[in-house]
Amino acid sequence: MLDSIRRPVEKEMEEFNRRLACHLHNDNPSISSVLDYVFEKKGKQMRPLLVMLTAALHGGINDRTYSGAMLAELVHTASLIHDDIVDDAYVRRGSLSANAIWRSKVAVLTGDYVLSRAISAAVKNGAADLLSLIIDSFEMLSEGELIQLEHASKLDTDEKIYFETINKKTASLLGSCAALGARSAAGTEEQVESMRRFGEYLGMAFQIKDDILDFSTGNKTGKPGLQDIRERKITLPLLILLNDSGEKKRKKIISLLSGIRYKDANAEIIHSMIMESGALVRATVIMEQYIDKARIILESYEDSEIKESLRRYTSYIMDRDR
């Protein structure tokens with residue numbers, strides 16, 4: 001499905017990758033080796049793709065759009081590097097993370113360097129006005145990570161905290177990506193705001209799908225199964241299970257989570273409870289509600305090849321298996 005989503009902007013995405021490689025070039029072999037490794041596996045590039053598609057929806061892709069897409073990809077990559085350090089994660093997209101190979105000092109400085117290159121890209125290319133959109137989301141992303149860490153240690157996450165966290169950690173960046181595309185083209189401020197909400201709804205759905213995939217057997221996410229639970233993150237399926245449980249059962253679940261770092265079998269016990277509870281089905285319904293909200297915004301635009309790609313983009317978020 002990704003190929004069909006990319007098709008209307010395939011040439012522009014190739015040009016984006018060429019410009020990204022040029023911007024990241026560094027003559028220092030030590031820095032270059034780390035950057036080459038980090039960017040060798042491009043992933044699905046969902047964020048720059050969203051920038052391209054929403055720009056095309058609002059008048060067309062231009063030099064400012066490439067700068068916006070670069071901002072999105074570099075800020076996202078920097079956040080992933082920092083996430084791996086915070087989570088002590090040694091696998092990223094099926095390969096060793098930068099944190100695993102070069103350890104935290106080099107990894108955190110690489111993340112900082114990538115972020116500085118993102119800012120540099122916007123300033124040098126005359127797109128400084130796009131910075132406010134992406135910097136706001138990076139600030140929110142950092143806040144979301146801090147909120148999650150605080151409540152993971154206390155195991156006291158509730159629905160309000162959960163949705164606030166995923167809005168800041170995931171939805172805010174996708175919202176900025178959609179808004180970046182519209183602003184880089186000929187979008188009005190009303191359209192920019194509309195696209196921001198469109199991207200945020202997609203981001204909420206995206207994170208809930210990640211939560212679901214963590215419990216799904218045979219997932220292809222590139223990270224170990226039940227990793228979120230092992231990190232004591234209160235994801236939506238687990239939150240639904242906790243909310244549906246009586247006091248005695250709830251205490252048992254919290255006890256299993258508390259001891260999970262010392263008894264790995266607790267993860268499998270919680271997994272079985274999730275599967276038996278129907279929590280995955282209910283989490284899927286909530287995810288679909290966010291997708292529906294995004295589609296309602298999209299329907300206000302005239303039919304076009306770009307609009308159809310964005311429709312498929314929303315479906316991909318919902319149907320993906322990794």
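Helices H8 and H11 are roughly antiparallel to each other, an arrangement that serves as the entry point to this predicted model. The relation follows from the geometry of the two axes: those of H8 (residues 159-184) and H11 (residues 236-244) cross at roughly 170 degrees and come within 11 Å. Because angles over 145 degrees count as roughly antiparallel, the pair falls in that category. On the H8 side, the meeting residues are Glu159, Tyr162 and Phe163, while H11 contributes Leu236, Leu239 and Asn243. Sorted by class, this contact of H8 with H11 comprises four nonpolar residues, one polar residue and one charged residue.

A second helix pair is found further along the chain. Helix H14 spans residues 279-298 and helix H15 spans residues 305-319; they pack at an angle of about 175 degrees, and their axes are 10 Å apart. That angle makes H14 roughly antiparallel to H15. From H14, the contact draws on Met287, Glu288, Ile291, Arg295 and Leu298, and from H15 on Lys307, Leu310, Arg311, Thr314, Ser315, Ile317 and Met318. The residues of this contact of H14 with H15 divide into six nonpolar, two polar and four charged.

Charged side chains also call for attention in their own right. Side chains of opposite charge can pair when their charged atoms come close. The structure holds 20 salt bridges. One of them joins the side chains of Glu193 and Arg196, with an N to O distance of 2.3 Å. Both residues belong to helix H9 (residues 189-215), and because Glu193 and Arg196 are three residues apart there, about one helical turn separates them.

The final feature lies at the surface. Ile119, Val123 and Ile135 together make a nonpolar surface patch of about 220 Å². Of these residues, Val123 can be placed in helix H6, which covers residues 98-124.

Taken together, the tour has covered the antiparallel pairing of H8 with H11, the corresponding arrangement of H14 and H15, the salt bridge between Glu193 and Arg196, and the nonpolar patch to which Val123 contributes.

Technical notes: Residues numbered from 1 in each chain as written. Predicted model: local features only at pLDDT ≥ 70, side-chain atom pairs only at ≥ 80, totals over all residues. Heavy atoms only, no water. Patch = residues over 30% accessible without salt bridge, like charges linked within 9 Å, V, L, I, M, F, W, Y side chains within 5 Å. Areas by Shrake-Rupley, 256 points an atom, 1.4 Å probe, with all protein chains shown as cover. Salt bridge = Lys/Arg side-chain N within 4 Å of Asp/Glu carboxyl O. Helix = DSSP H or I, 4+ residues; strand = E, 2+ residues; numbered from the N terminus. Axes fitted to C-alpha atoms, helices over the stretch in contact; angles between N-to-C directions. Parallel < 35°, antiparallel > 145°, perpendicular 65-115°, else oblique. Contact = heavy atoms within 4.5 Å. Nonpolar A, V, L, I, M, F, W, Y, C, P; charged D, E, K, R; others polar.
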